[in-house]
Protein chains: 4
Amino acid sequence: MTASETVEVRGHIVDSLILAKILDLIVDAGADYRMIDLDLGTSHVDPSTARISITAADASDLAALLAELHPHGAHPVETGDLVVKPAEAGGVLPDGFYATTNLPTEVRVDGHWIEVDRPEMDCALVVDDDGPAARARAVPMHRVAAGDQVAVGLAGIRVRPLEKPRGASPFEFMTSEVSAEKPKALLVARVAERLRAAKAGGGRLLAVPGPAVVHTGAGPHLAALVREGWVDVVFSGNGFAVHDIESCLLGTSLGISVGEGTAAEGSHANHLRVINQVRRWGSVRRGVEDGALCGGVLYECVRRGVPVVLGGSVRDDGPLPDVLTDVVAAQDAMRRHLDGVAVALVLASTLHAVAVGNLLPASVEVYCVDINQAVVTKLTDRGSQQALGIVTDVGLFLSELSRQLIG
Amino acid sequence: MTASETVEVRGHIVDSLILAKILDLIVDAGADYRMIDLDLGTSHVDPSTARISITAADASDLAALLAELHPHGAHPVETGDLVVKPAEAGGVLPDGFYATTNLPTEVRVDGHWIEVDRPEMDCALVVDDDGPAARARAVPMHRVAAGDQVAVGLAGIRVRPLEKPRGASPFEFMTSEVSAEKPKALLVARVAERLRAAKAGGGRLLAVPGPAVVHTGAGPHLAALVREGWVDVVFSGNGFAVHDIESCLLGTSLGISVGEGTAAEGSHANHLRVINQVRRWGSVRRGVEDGALCGGVLYECVRRGVPVVLGGSVRDDGPLPDVLTDVVAAQDAMRRHLDGVAVALVLASTLHAVAVGNLLPASVEVYCVDINQAVVTKLTDRGSQQALGIVTDVGLFLSELSRQLIG
Amino acid sequence: MTASETVEVRGHIVDSLILAKILDLIVDAGADYRMIDLDLGTSHVDPSTARISITAADASDLAALLAELHPHGAHPVETGDLVVKPAEAGGVLPDGFYATTNLPTEVRVDGHWIEVDRPEMDCALVVDDDGPAARARAVPMHRVAAGDQVAVGLAGIRVRPLEKPRGASPFEFMTSEVSAEKPKALLVARVAERLRAAKAGGGRLLAVPGPAVVHTGAGPHLAALVREGWVDVVFSGNGFAVHDIESCLLGTSLGISVGEGTAAEGSHANHLRVINQVRRWGSVRRGVEDGALCGGVLYECVRRGVPVVLGGSVRDDGPLPDVLTDVVAAQDAMRRHLDGVAVALVLASTLHAVAVGNLLPASVEVYCVDINQAVVTKLTDRGSQQALGIVTDVGLFLSELSRQLIG
Amino acid sequence: MTASETVEVRGHIVDSLILAKILDLIVDAGADYRMIDLDLGTSHVDPSTARISITAADASDLAALLAELHPHGAHPVETGDLVVKPAEAGGVLPDGFYATTNLPTEVRVDGHWIEVDRPEMDCALVVDDDGPAARARAVPMHRVAAGDQVAVGLAGIRVRPLEKPRGASPFEFMTSEVSAEKPKALLVARVAERLRAAKAGGGRLLAVPGPAVVHTGAGPHLAALVREGWVDVVFSGNGFAVHDIESCLLGTSLGISVGEGTAAEGSHANHLRVINQVRRWGSVRRGVEDGALCGGVLYECVRRGVPVVLGGSVRDDGPLPDVLTDVVAAQDAMRRHLDGVAVALVLASTLHAVAVGNLLPASVEVYCVDINQAVVTKLTDRGSQQALGIVTDVGLFLSELSRQLIG
């Protein structure tokens with residue numbers, strides 16, 4: 001009645017806590033294990049290999065447990081080829097479809113392992129062609145076409161969990177808990193150092209700013225980072241864009257004077273007047289080209305050719321004509337700009353931060369800055385495994401970051 | 001060089017703090033005032049009238065100040081008719097357009113004051129027809145058509161600020177600060193009492209639940225409130241809907257067992273499997289009609305004919321086919337269901353809460369329940385002037401509320 | 001059966017919202033009022049006077065209402081002399097004792113109004129001597145001696161509520177809501193400006209730092225402010241003091257390297273070793289004098305003769321020998337250092353912030369800096385009416401403040 | 001130049017993550033390791049043993065690393081007897097003193113391992129007598145007398161880290177992250193179940209309530225738990241005690257009517273009048289015995305002989321005569337009541353929660369209830385390793401808990 005399977009896992013599985021996590025999951029599931037073989041590197045530079053025989057109460061429990069172990073890189077020793085089924089209709093997956101992780105993934109087709117293109121979480125895994133030309137892609141559910149060959153089950157699929165960065169790695173300081181009580185100037189310096197390293201390595205920097213960037217007076221600092229070439233792509237929403245333009249055209253942000261900190265007279269509708277003005281221009285780009293918009297983050301983006309994706313939200317006023325009001329179209333637009341992104345800087349933006357976290361591969365470094373610890377914890381729990389939450393004031397953070405990067 | 005104007009304001013302007021606020025704004029603006037006439041009711045049941053002569057440094061300062069005073073009901077004694085200009089293009093308003101408040105508003109057309117239909121904040125004010133048949137409406141910017149007659153400036157427009165509820169009013173307890181340290185069972189009892197009163201008066205109840213309603217185990221309580229007829233319309237998003245269905249089909253919420261509180265094995269993709277299932281059905285309604293979905297909030301809504309508007313968001317997985325992925329279409333769909341809404345119950349839903357706050361007239365009572373004080377403060381600062389923020393656990397709140405309303 | 005009284009209130013009672021608040025309280029109490037006389041200044045520079053006849057259901061309701069109106073400066077027109085009763089025992093007040101506010105207060109003794117020495121909230125009001133030599137003091141309950149003449153009831157007592165600062169006042173920007181979404185560099189500049197003004201006017205600056213000042217790396221910035229003469233007195237606790245010394249002696253704060261941001265090896269007991277070392281010295285002062293402690297906030301305080309009061313708490317390790325472990329003695333020690341304090345800077349310190357808020361007169365400007373909005377709201381709701389809550393990161397705040405004040 | 005040592009660790013070190021943590025610390029410290037011997041239980045019920053040879057850059061690095069490994073149960077294979085030095089003066093420890101953990105600890109005296117009495121964190125370890133009569137105690141620094149034999153270094157000391165509870169254990173649900181989004185009724189049921197189990201096993205229950213228990217209207221629920229015998233000892237402060245008595249004597253809590261939720265007239269000084277009344281009685285106990293105090297948590301404690309320790313704080317008004325104003329005396333009083341405590345229920349009490357966390361052995365289960373996630377995270381990071389943070393409303397939590405325990 002009981003069901004058994006032998007799984008194998010390789011890498012720095014001991015000090016990266018991967019092996020411990022796997023044994024933990026087995027025991028939590030009420031199953032039993034026998035360590036068949038544990039080849040521990042004798043020193044910490046050697047990778048280790050473990051083979052573990054697992055016995056569960058029945059085949060169903062075993063299958064569930066294997067699904068839990070899968071994203072930790074523990075895969076059955078004996079696996080066949082990938083199994084696929086055709087999608088029955090557009091946007092509808094076959095039963096038992098494999099849901100992707102954001103980790104590097106390989107699939108076995110005709111006995112050969114091939115790498116999956118740009119991994120993305122919570123997608124279907126679609127295989128094109130057969131034999132040597134076979135190609136595997138992570139495809140969001142809504143873009144799966146009827147008849148697409150969709151992976152089902154776990155057979156023939158393996159992932160490589162990220163190992164904890166080590167020693168000289170500048171990521172070491174990222175291992176500690178999210179807390180407001182950290183040396184802040186130091187954190188900013190480390191982030192600056194990581195951005196320099198990423199850019200030096202040819203990586204692109206994605207910025208995801210929320211409206212508080214403008215409200216806290218940090219708009220000019222972010223604009224400077226764009227102007228000086230630090231930022232390669234921007235994802236945001238209507239609110240940030242409107243306040244960025246409002247602060248340049250009218251000197252206010254939600255009607256509060258950016259220069260005085262007090263409510264500007266007659267200004268409660270300023271954001272509406274700005275939206276109306278951009279609607280008249282036709283687009284932000286047109287406003288810049290016509291010389292009507294002369295500063296701010298979006299202005300600098302237009303001038304430097306930095307792509308901006310503005311995704312809509314049900315709370316939007318207006319919105320600006322540049323906003324993609326269809327949220328699925330907005331997601332697809334963001335996907336088109338992810339190639340080469342090595343670092344994401346999430347700046348006081350809850351909604352777009354979650355959206356971005358869903359789209360990024362686990363290998364992208366993500367820095368989430370927010371003054372609310374609960375928000376930071378939520379964001380760093382998702383998406384990238386290389387996420388650092390920084391509980392601080394985004395206004396003072398960007399001021400200090402631009403001072404360090406630009407001087 | 002200086003510019004002057006005499007304004008008048010009526011009502012319970014002294015104890016409702018309206019007069020004080022007006023004088024405050026005048027002085028803050030650096031202008032000077034002379035109280036020409038103050039007819040204070042001798043006792044607090046009598047309305048008062050004040051006429052105030054205002055002198056500002058110049059005409060521009062005066063205009064800005066009058067715009068600030070406008071939403072507080074202080075209007076120039078001598079006002080002409082409403083001034084309108086045609087919209088130059090679809091979705092583009094004339095310069096100087098009047099931005100609406102969410103207060104009861106009248107406009108003067110041909111010497112007669114007419115009431116504006118269903119006020120909504122941050123809209124254009126459009127006048128149809130002329131003369132006796134004239135009608136005035138608040139129209140969202142994107143729905144203004146080329147040639148529509150749009151109000152500009154403040155001439156011929158007056159609003160009636162809400163007066164603070166008094167004495168025996170059950171709203172009295174709503175005046176205090178947002179804080180977690182309130183007698184909670186008592187707050188729930190008062191909210192229950194207000195819901196009973198609103199329903200007894202023929203008002204409709206709008207519920208705006210977020211995903212935490214399901215995560216905290218309160219889904220069945222909200223479902224019961226729908227089943228028993230307390231809820232008349234629901235606005236929410238993909239996340240709440242998916243978790244509501246997931247908890248009914250699979251007994252989990254984001255993969256966490258609703259009955260055990262622990263991660264269910266192999267369940268991290270449960271929400272995706274649920275979305276896929278509904279996509280196969282075609283819609284939630286179809287799932288209910290086919291007998292595939294047998295419980296939960298949405299099930300009860302379908303069964304009782306309670307309309308549900310699900311607005312999309314860039315962070316959505318899937319989404320469900322029932323979600324309006326175009327956010328402007330989602331806003332318009334919500335507008336179509338606002339008639340007769342007397343009370344809104346916002347349940348741990350930040351995004352949709354702000355959206356709803358933007359749409360509601362000031363006269364709707366809003367109860368915002370969230371465990372995060374910053375969220376509650378933000379929500380109650382907007383929209384309705386009759387908003388009560390309740391800093392508490394939505395799970396225990398709904399459990400207690402359904403106990404009080406249903407028993 | 002109903003009971004009546006005529007009260008009078010003077011000052012800028014209209015635009016300071018004082019009159020509105022008074023009418024509000026009357027109506028909330030279910031009483032009725034008649035405005036007997038309202039002499040409104042015709043322009044906003046003139047003070048106003050109001051006489052209001054109040055009628056309540058019975059004498060008891062009237063007495064309760066008059067007690068509510070008292071701190072708003074509305075006092076019966078006809079009042080006799082102050083009524084006193086002797087304290088029956090040390091630390092035990094007579095029934096009906098008058099509980100002080102933190103506002104400027106006068107009492108009528110033998111027909112003459114005399115000013116109360118240094119007002120403090122929630123104290124007894126004790127009168128010494130009689131006749132022309134009479135003196136009135138706010139005395140904390142525990143320091144009232146048997147036989148002290150203690151004020152009972154409201155007769156012969158009047159307070160002067162603070163009027164809202166106006167126009168050119170740098171306090172104008174303080175009127176807005178507590179929120180994280182403010183222009184931060186601007187807020188820091190305004191605070192710097194206020195500190196300069198207070199010091200220029202001969203006022204003393206009280207700093208109340210919490211441990212997060214050290215954890216966030218801002219210790220050196222606060223130390224610099226002390227060294228340059230900006231800080232005149234420091235109130236804090238064992239935690240801040242220990243971490244300040246630990247960061248100087250060992251380069252860590254709670255075992256986290258202040259220079260690296262990572263856990264220093266073998267360092268979890270560093271704070272205990274530091275406490276033990278200071279116990280061996282005998283006091284912090286001795287450590288400085290012996291050359292063993294060479295930096296940090298406390299070092300600078302000793303060097304410049306800035307008094308430091310460290311109050312104990314039940315969570316203290318050790319504590320340092322400098323800590324006043326008796327909390328009542330600690331309160332009394334703080335009281336001895338309040339003379340001339342014009343500004344208090346509360347830096348991420350919840351416990352001591354509340355303690356300080358209880359002790360300060362309302363006329364002291366208080367700036368509360370904390371990253372948690374709920375804490376800031378709580379602190380600014382108490383004590384001083386001139387309190388500004390700043391929701392930000394204390395580490396970056398102090399770095400920016402010292403840059404602005406010292407350069 | 002390099003320095004080496006072989007350490008050993010035993011127990012369920014693999015699935016409890018203990019081995020992984022140890023290897024992690026070694027690598028983080030820049031040292032190298034060789035796994036000499038790893039005797040993994042073949043199934044998860046067997047304990048494992050690991051022997052690891054560690055090589056660090058020098059003797060100093062090695063010593064620091066061994067100190068880091070010590071609390072994880074990794075001790076040098078070859079250890080001599082405990083080394084002690086006399087305390088040079090009262091309250092001053094010898095250099096290199098051993099700082100205790102809150103884990104079960106043994107010391108080797110004359111070649112025999114003896115158990116340390118009641119472990120407590122951050123204390124000195126004092127050995128009394130010699131030879132067979134030797135006894136070892138954790139002693140707070142301030143209570144060490146001159147000449148006491150105090151342990152220095154790590155030689156002859158070993159600790160037993162708690163292993164993660166497993167399988168059928170009701171603690172399993174405690175492993176997840178602190179978050180507000182948990183099924184709340186379920187959490188309450190689990191806590192109720194744990195309390196029943198602890199009491200059934202003869203354990204004592206410690207309650208640590210803060211003032212918000214009264215403000216949120218949960219006082220009567222906690223009083224009922226005391227009355228029905230669930231609570232064995234209470235640690236709290238002046239604020240909770242005053243509001244508890246105020247709610248019984250006057251029906252208010254900080255002047256807010258507990259029954260109405262609105263400010264009671266003339267009530268801002270109610271807490272002072274209550275304090276004065278208790279000072280007149282002489283103590284809370286006297287008030288109960290004289291029949292003057294007839295309800296509330298403290299009343300029930302007096303009636304049932306449940307000991308209450310009230311520790312002072314610098315923010316206290318009054319305080320009540322029952323408050324221990326010396327904080328070190330308060331800590332010592334709490335220590336005297338810890339014997340047999342198996343569960344601690346911390347209820348919206350930040351200050352006393354940290355104090356209690358410092359005093360408790362790691363084996364005590366701690367449930368921290370607070371509405372602020374940052375507070376809960378902070379509390380559960382300290383003290384007991386068996387701590388569960390519950391982000392919820394303490395008012396509704398206690399109402400539900402008393403319903404489940406008492407009905």
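Chains C and D meet through the same surface, because 95% of the interface residues of chain D are also interface residues in chain C. Please bear in mind throughout that this is a predicted model.

Let me describe that interface further. In chain D, 43 residues are in contact with 41 residues of chain C. Which elements of chain D give two or more residues to this side? They are α2, α7, α10, which spans residues 327-335, and α11, which spans residues 350-359. By class, the side of chain D that touches chain C consists of 21 nonpolar, 13 polar and nine charged residues.

How are the two copies arranged? Chain D is superposed on chain C by a rotation of 180°, with 0.0 Å of shift along the axis and an RMSD of 0.0 Å. The two copies are therefore related as by a two-fold rotation axis. Which residue of chain D comes closest to that rotation axis? It is D326(D), whose C-alpha lies at 2.0 Å.

I turn now to the sheet of chain D. Four strands form an open sheet in the order β2-β3-β1-β4, and their pairing is antiparallel. At the edges are β2, residues 32-39, and β4, residues 75-76, each of which pairs on one side only. Strand β1(D), residues 3-11, is joined to β4(D) by two bridges, the two strands running antiparallel. Within this part of the sheet, V7(D) stands opposite P76(D) of β4(D).

Two helices accompany these strands. Helix α1(D), residues 18-28, packs on the sheet and touches β1, β2 and β3 of chain D, and its direction makes about 165° with that of β1(D). Helix α2(D), residues 59-69, lies across β1, β3 and β4 of chain D and runs at about 10° to β1(D). As noted earlier, α2(D) is also one of the elements that contribute to the side touching chain C.

Finally, I consider a helix pair that includes another of those interface elements, α7(D). The axes of α6(D), residues 238-249, and α7(D), residues 270-281, come within 9 Å and cross at roughly 95°. The crossing angle makes α6(D) roughly perpendicular to α7(D). Which residues of the two helices meet? From α6(D) there are V242(D), H243(D), I245(D), E246(D) and L249(D), and these meet N270(D), H271(D), V274(D), I275(D) and V278(D) of α7(D). The residues of this helix contact divide into six nonpolar, three polar and one charged.

Methods. Residues are numbered from 1 along each chain as its sequence is written. Chains are lettered from A and ligands numbered from 1 in the order in which they are written. This is a predicted model: local features need pLDDT of at least 70, side-chain atom pairs count only at pLDDT 80 or more; totals for chains, interfaces and linings use all residues. Axes are lines fitted to C-alpha atoms, for helices over the stretch in contact, and angles run from 0 to 180 degrees between N-to-C directions. Angles under 35 degrees count as roughly parallel, over 145 as roughly antiparallel, 65 to 115 as roughly perpendicular and the rest as oblique. Two residues are in contact if their C-beta atoms, placed from the backbone, lie within 7 Å. Ala, Val, Leu, Ile, Met, Phe, Trp, Tyr, Cys and Pro count as nonpolar, Asp, Glu, Lys and Arg as charged, and the others, Gly among them, as polar. Copies are superposed by least squares on the C-alpha atoms of residues with pLDDT of at least 70 in both. Two strands pair if DSSP finds at least two bridges between them.
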